[in-house]
Amino acid sequence: MNNLEFLTTEHYDVFKQLAQRLHNPGDVKKEYFSALYVIAGNERVRNLLLPYMDLEQGKISTATIIDDNTFEKQDFILVKLVIHLYNNKEWVLPTELISLPQDDYQLAMQAITLCRDEQFDDVTIPK
C-alpha cells in the first residue's frame with residue numbers, strides 16, 4: 001500500500017485505526033479496503049456505516065443500509081459507492097460522482113482507482 005494516497009493525515013489515521021481491527025487482513029478482499037478507504041475519508045458516511053460493519057472480520061452488511069437510513073444527497077452517493085465497491089449491490093452513475101463536492105469526488109475517484117489498480121492485493125496494515 002505504499003502508493004496509497006490519503007486526502008489528509010486524519011483520513012490516514014482513521015483508515016489505519018479501522019484496518020488495524022482486522023483479525024486477519026490477508027483474508028479480506030481488496031474490495032473491503034477500497035470501501036474502507038471511502039468510509040475513513042468521510043465522517044458522516046463513517047457514522048452511518050459503522051453499525052453495519054464487522055471490523056474484526058472485514059465485512060459490511062449491506063442488505064438494509066439504504067432502507068434503514070435517510071441520507072443527504074452527497075452522503076447517499078458515497079454510501080452507494082461503498083456498497084458498489086464492496087459487493088456490486090448498488091450502482092453509482094458517473095453524473096452522481098461528478099456532482100459531489102471536490103473532497104468527496106477525490107475520495108470517490110481514489111477509491112475506484114485503488115480497487116481497479118489492485119493496490120490492496122498485498123495489504124500491510126501499519127503498526
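Two residues are in contact when they have heavy atoms within 4.5 Å. Keep that in mind as you work through this predicted model.

**Exercise 1. Find out which residues Val 14 is in contact with, leaving aside its neighbours within four places in sequence.**

Solution.
- Step 1: Locate the residue. Val 14 sits in helix α1, which covers residues 9-19.
- Step 2: Skip the neighbours within four places in sequence, and Val 14 is left in contact with Ala 40 and Arg 46.
- Step 3: Take Ala 40 and look at the backbone. Its C-alpha atom is 5.4 Å from that of Val 14, though the two residues are 26 apart along the chain.
- Step 4: Check the surroundings. Val 14 has a relative accessible area of 11%. Buried means under 20%, so Val 14 is buried.

**Exercise 2. Describe how helices α2 and α5 pack.**

Solution.
- Step 1: Know what to look for. Two packed helices are described by the angle between their axes and the distance between the axes.
- Step 2: Read off both values. Helix α2 (residues 30-41) and helix α5 (residues 73-87) pack at about 165 degrees, and their axes are 8 Å apart.
- Step 3: Put the angle into words. Angles over 145 degrees count as roughly antiparallel, so α2 is roughly antiparallel to α5.
- Step 4: Add the handedness. The crossing of α2 and α5 is left-handed.
- Step 5: List who touches whom. On the α2 side you'll find Glu 31, Tyr 32, Ser 34, Ala 35, Val 38 and Ile 39, and on the α5 side Leu 78, Leu 81, Val 82, Leu 85 and Tyr 86.
- Step 6: Sort these residues by kind. The contact has nine nonpolar residues, one polar and one charged.

**Exercise 3. Is Asn 88 buried or exposed, and what is the sign of its phi?**

Solution.
- Step 1: Find the spot. Asn 88 is in the loop between α5 and α6 (94-98).
- Step 2: Compare with the cut-off. Exposed means over 50% relative accessible area. Asn 88 comes to 51%, so it counts as exposed.
- Step 3: Recall the usual case. Most residues other than glycine have a negative phi.
- Step 4: Now look at the angle itself. Phi of Asn 88 is near 60 degrees, which is positive, and this residue isn't glycine.

**Exercise 4. Sketch the whole protein in a few numbers.**

Solution.
- Step 1: Count the elements. There are seven helices and two strands.
- Step 2: Put them in order along the sequence: α-α-α-β-β-α-α-α-α.
- Step 3: Add burial. Of the 127 residues, 43% are buried.
- Step 4: Finish with the surface. The accessible surface is about 7,300 Å², and 45% of it belongs to carbon and sulfur atoms.

Note on methods. Residues numbered from 1 in each chain as written. Predicted model: local features only at pLDDT ≥ 70, side-chain atom pairs only at ≥ 80, totals over all residues. Heavy atoms only, no water. Helix = DSSP H or I, 4+ residues; strand = E, 2+ residues; numbered from the N terminus. Buried < 20%, exposed > 50% of the residue type's maximum accessible area, 1.4 Å probe, protein only. Areas by Shrake-Rupley, 256 points an atom, 1.4 Å probe, with all protein chains shown as cover. Axes fitted to C-alpha atoms, helices over the stretch in contact; angles between N-to-C directions. Parallel < 35°, antiparallel > 145°, perpendicular 65-115°, else oblique. Left-handed = near helix turned anticlockwise from the far one by under 90°. Nonpolar A, V, L, I, M, F, W, Y, C, P; charged D, E, K, R; others polar.
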